[in-house]
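Subject: Structure for you, with notes

Hello,

Here is the structure I promised. Please open it first, then read my notes alongside it.

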Amino acid sequence: MEILIISGMSGGGKSKAASFLEDSGFYIVDNMPAAMILKFAEFCASGGGRYARVALVYDVRTAESFTELFDVLDKLKGMEDACRMLFLEASPAAIIKRYKETRRRHPLEKETDSLEKAVEKERTLMEPVKERADFVIDTTGLSTARLRKELLRLFSGEGEQGGMTVSVMSFGFKHGLPLDADLVLDVRFMPNPFYIEELRHQTGLDKSVADYVFSFQQTHDFLLRQEELLAFTLPLYAEEGKTGLVIAVGCTGGHHRSVAIAHALTEFIREQGYQTAEHHRDINRDI
């Protein structure tokens, strides 16, 4: 089991980090008091692998004594399970600007005369926690996409691609466009197996239909150009912070050409190291 404790400054980016890590497969628990961490770790360990990767958000709101947190850390690090701590911070100016933009109150603002003093007080309080952290990320100049990329590099274990799932679906234009499609490819220009009697009641997943579709040079040329485009754009989508991309391939009925091309594209994308899902929306509809 892997346990990651997310801590840091209020306004430093803990919530965003937790969201990105959740997309990467972590089970997230917010505001976990130190006294409960060990019991929760024991509960997760008995979950039969359901809670293999857990991230616990711990900040100044739950801190009564950092000594208790450090004792818990020492005990967890002495166990077989991996335990690490991530600390997120930002400059006082950046944190103040973020609070002004969101119009939220800083958790220590009631104890001080101003937001600026609250930020400085928290920075002093959290310094011992920062010193115990395994990873420290300063989010002052980081965009959301760059923060996600850094978290994936540190914790995904699968590289940058591992954080994005690419879904490839086939569909028939006569049944309507998929509402969730990010990219739509139209393959109705290809020769249609529907007009070949022995192929009409088969699908693009059948070898005879796929062989027919790929017996034309224009199919190979089209697929090559799409693969070149995806090889260029998929890393950029991942870097921008996209966690899911839907590519829809359409022909007239969604039985033959779109199915064969979608299947081929799925294989290519999987070979590039991305998590993939293949779906043929209209393959079982009446012809």
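Start with strands S1 and S4. They run parallel and are joined by seven bridges. Ser7 of this pair faces Phe87 in S4. Keep in mind throughout that this is a predicted model.

S1 also pairs with S3. S1 covers residues 2-8 and S3 covers residues 53-57; the two run parallel, with five bridges between them. Two facing pairs help to fix the register. Ile5 is opposite Leu56 in S3. Ile6 is opposite Val57 in S3.

How much of S1 is buried? Seven of its seven residues are. Both faces are covered. Glu2, Leu4, Ile6 and Gly8 sit on one side, and Ile3, Ile5 and Ser7 on the other.

**The five-stranded sheet**

These pairings belong to an open sheet of five strands, in the order S2-S3-S1-S4-S5, with parallel pairing. Which strands stand at the edges? They are S2 (27-29) and S5 (135-138). Each has a single partner strand, so one side of each has no neighbour in the sheet. Neighbouring strands are turned by 20° against each other on average, direction ignored.

Now the helices on this sheet. H1 lies across S1, S2, S3 and S4 (82-89), and runs at about 160° to S1. H5 (residues 115-132) packs on the sheet too, touching S1, S4 and S5. The direction of H5 makes about 145° with that of S4.

One residue of H1 to look at is Glu22. Its relative accessibility is 47%, so Glu22 counts as partly exposed. The C-alpha atoms of Glu22 and Ile5 are 13 Å apart, with the two positions 17 residues apart along the chain count.

H4 has four names to note: Ala94, Ile95, Ile96 and Tyr99 are its buried residues. They pack against H5. Arg103 follows H4 and has a positive phi, near 60°.

**The four-stranded sheet**

There is another open sheet, of four strands. Its order is S7-S8-S6-S9, with parallel pairing. S7 and S9 (275-280) stand at the edges; each has a single partner strand, so one side of each is left without a neighbour in the sheet. The twist averages 20° from one strand to the next.

Look at S6 (residues 165-172) and S8 (residues 244-251). They pair in the parallel sense over eight bridges. Val168 is opposite Ile247 in S8.

Two helices lie across these strands. H8 (residues 217-240) crosses S6, S7 and S8, running at about 175° to S7. H9 (residues 257-271) crosses S6, S7, S8 and S9, running at about 170° to S6.

Next, Thr203. It is in the loop between S7 (183-186) and H7 (207-213). Is Thr203 buried or exposed? Its relative accessible area is 16%, and buried means under 20%, so Thr203 is buried. Leaving aside neighbours within four places in sequence, Thr203 is in contact with Val209, His255, His256 and Ile283.

**The pockets**

The largest pocket holds about 560 Å³ of space. It is lined by 26 residues. Which of them lie nearest its centre? Gly11, Gly13, Lys14, Ser15 and Arg104 do. Helices H1 (14-23), H4 (92-102) and H6 (144-155) are the elements that give two or more residues to this lining. By class, the lining has eight nonpolar, nine polar and nine charged residues.

The second largest pocket holds about 160 Å³. Its lining includes Lys174, Asn192, Phe194 and Tyr195. The stretch Cys251, Thr252, Gly253, Gly254, His255, His256 and Arg257 lines it as well, and so does Ile287. Among these, His255 and His256 are also contacts of Thr203. The lining divides into four nonpolar, six polar and two charged residues.

That is the full set of notes. Tell me which part you would like to go through together.

Best wishes

How values were computed. Residues are numbered from 1 along each chain as its sequence is written. This is a predicted model: local features need pLDDT of at least 70, side-chain atom pairs count only at pLDDT 80 or more; totals for chains, interfaces and linings use all residues. Side-chain values use heavy atoms; hydrogens and water are left out. On a 1 Å grid over the protein atoms alone, a cavity is a set of points where a 1.4 Å probe fits but cannot get out, and a pocket is an open set with protein on both sides within 12 Å along at least five of seven lines; lining residues have an atom within 4 Å of a point. Grid points are joined across faces, edges and corners, and a volume is the space filled by probe spheres set on the points. Ala, Val, Leu, Ile, Met, Phe, Trp, Tyr, Cys and Pro count as nonpolar, Asp, Glu, Lys and Arg as charged, and the others, Gly among them, as polar. Two strands pair if DSSP finds at least two bridges between them. Axes are lines fitted to C-alpha atoms, for helices over the stretch in contact, and angles run from 0 to 180 degrees between N-to-C directions. Contact means heavy atoms within 4.5 Å. Buried means under 20% relative accessible area, exposed over 50%, partly exposed in between (1.4 Å probe, protein chains only).
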